[in-house]
Each structure stands twice: as C-alpha cells, then as structure tokens.
Amino acid sequence: LDAETYTTDLDEANAKDQEPQWFLEYTTKDAYGLPDLSPSSWADLIDRLAVDDDLFTKFHRFFFRSSHEANCVNEPDCRKEYVCALRAAKSYEEDHFCAGL
C-alpha cells in the first residue's frame, strides 16, 4: 500500500477559464523513503524530520501542497511544533510525547 497526493493549480484553471488539471504531487513512500506505511515507519520518519533539514523542507512544502513559500526549517520553535504535532496526534498528549524536543 501507498498514499498518493494529487494537486492542481486553481489560479491557472481560473485564468484559462477551464477545468483544473490534476496531477500527482507525490507518493508517500517515495517522497519520504519509507519501506511501508506501518506505525514504526511513520515513527522513524518523524524522528528524521526533527533532524534532517532537507527532509523537513520537503515535508513542509508538501504540507502546504507546494503552494506555501514560507519554510520554517531554520526556525526551531516552528519546526518543533510540527514534529510535536506529528508525534502526539492529540493536542492533550503533547506533554507526554514532546517533552524532549
């Protein structure tokens, strides 16, 4: 199994007064170098996002569907917020999962 993310350029479609053209933006396993989509693979990815600038930049770009120019890779607090949210998955569990960040 894999997960695919598709995107489109609505500005372009609107400017040309046509239906949006959808295209594959990325597949999760290829984009993040995952062997599978198991919980352990996701946990490993989150650990890598915390320390790998290039991987985090890619994640941040994909998070905003390649439409957000800002990147917080060099802003430690911003990066910690993303990594913490991925680890915790529930806001009330952040203290438990994010203590060491």
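In what pattern do strands and helices follow one another along the chain? Read along the sequence, the order is β-α-β-α-α-α-α-α. This is a predicted model, in which local features need pLDDT of at least 70 and side-chain atom pairs count only at pLDDT 80 or more, while totals for chains, interfaces and linings use all residues. Residues are numbered from 1 along each chain as its sequence is written, and side-chain values use heavy atoms, with hydrogens and water left out.

**View 1. The whole chain has six helices and two strands.** Helices (H or I, at least four residues) and strands (E, at least two) are DSSP runs, numbered from the N terminus. Of the 101 residues, 28% are buried; buried stands for under 20% relative accessible area, exposed for over 50%, and partly exposed for what lies in between (1.4 Å probe, protein chains only). Contact means heavy atoms within 4.5 Å, and among contacts between residues at least 6 apart in sequence, 34% join residues at least 24 apart. About 7100 Å² of the chain is exposed, with carbon and sulfur atoms supplying 50% of it. Accessible areas come from the Shrake-Rupley method with a 1.4 Å probe, and for residues only the protein chains shown count as cover.

**View 2. Confidence differs between helix H2 and helix H6.** The score here is pLDDT, the predictor's confidence in each residue, from 0 to 100. Its mean over the chain is 86, and 82% of the residues reach 70 or more. Among the elements, helix H2 (residues 28–32) has the highest mean, 97, and helix H6 (residues 94–97) the lowest, 63. Where pLDDT is low, the predicted coordinates should not be read in detail.

**View 3. Thr28 is a buried residue of helix H2.** Its relative accessible area is 6%. Leaving aside residues up to four places away in sequence, Thr28 touches Asp2, Ala3, Gly33, Leu34, Leu37 and Trp42.

**View 4. Tyr6, Trp22 and Leu24 make a nonpolar surface patch.** The patch covers about 350 Å². Patches are made of residues with over 30% relative accessible area and no salt bridge; like charges are joined within 9 Å, and nonpolar side chains (Val, Leu, Ile, Met, Phe, Trp, Tyr) within 5 Å. Tyr6 sits in strand E1 (residues 4–7) and is partly exposed, at 40% relative accessible area.

**View 5. Arg48 and Asp44 pair within helix H3 (residues 39–51).** A salt bridge is a side-chain nitrogen of Lys or Arg within 4 Å of a carboxyl oxygen of Asp or Glu, and the whole structure holds four. In this one, N and O are 3.1 Å apart. Because the partners are four residues apart in the helix, about one helical turn separates them. Arg48 is partly exposed at 25% relative accessible area, and Asp44 is partly exposed at 41%.

**View 6. Arg87 forms a salt bridge with Asp47.** Their closest N and O atoms are 3.1 Å apart. The pair links distant parts of the chain, with Arg87 in helix H5 (residues 76–88) and Asp47 in helix H3, 40 residues apart. Arg87 is partly exposed, at 27% relative accessible area, as is Asp47, at 42%.

**View 7. Asp53 forms a salt bridge with Arg79.** Here the closest N and O atoms are 2.7 Å apart. Asp53 belongs to helix H4 (residues 53–63) and Arg79 to helix H5, so the pair ties together parts that are 26 residues apart in sequence. Asp53 is partly exposed, with 40% relative accessible area, whereas Arg79 is buried, with 9%.
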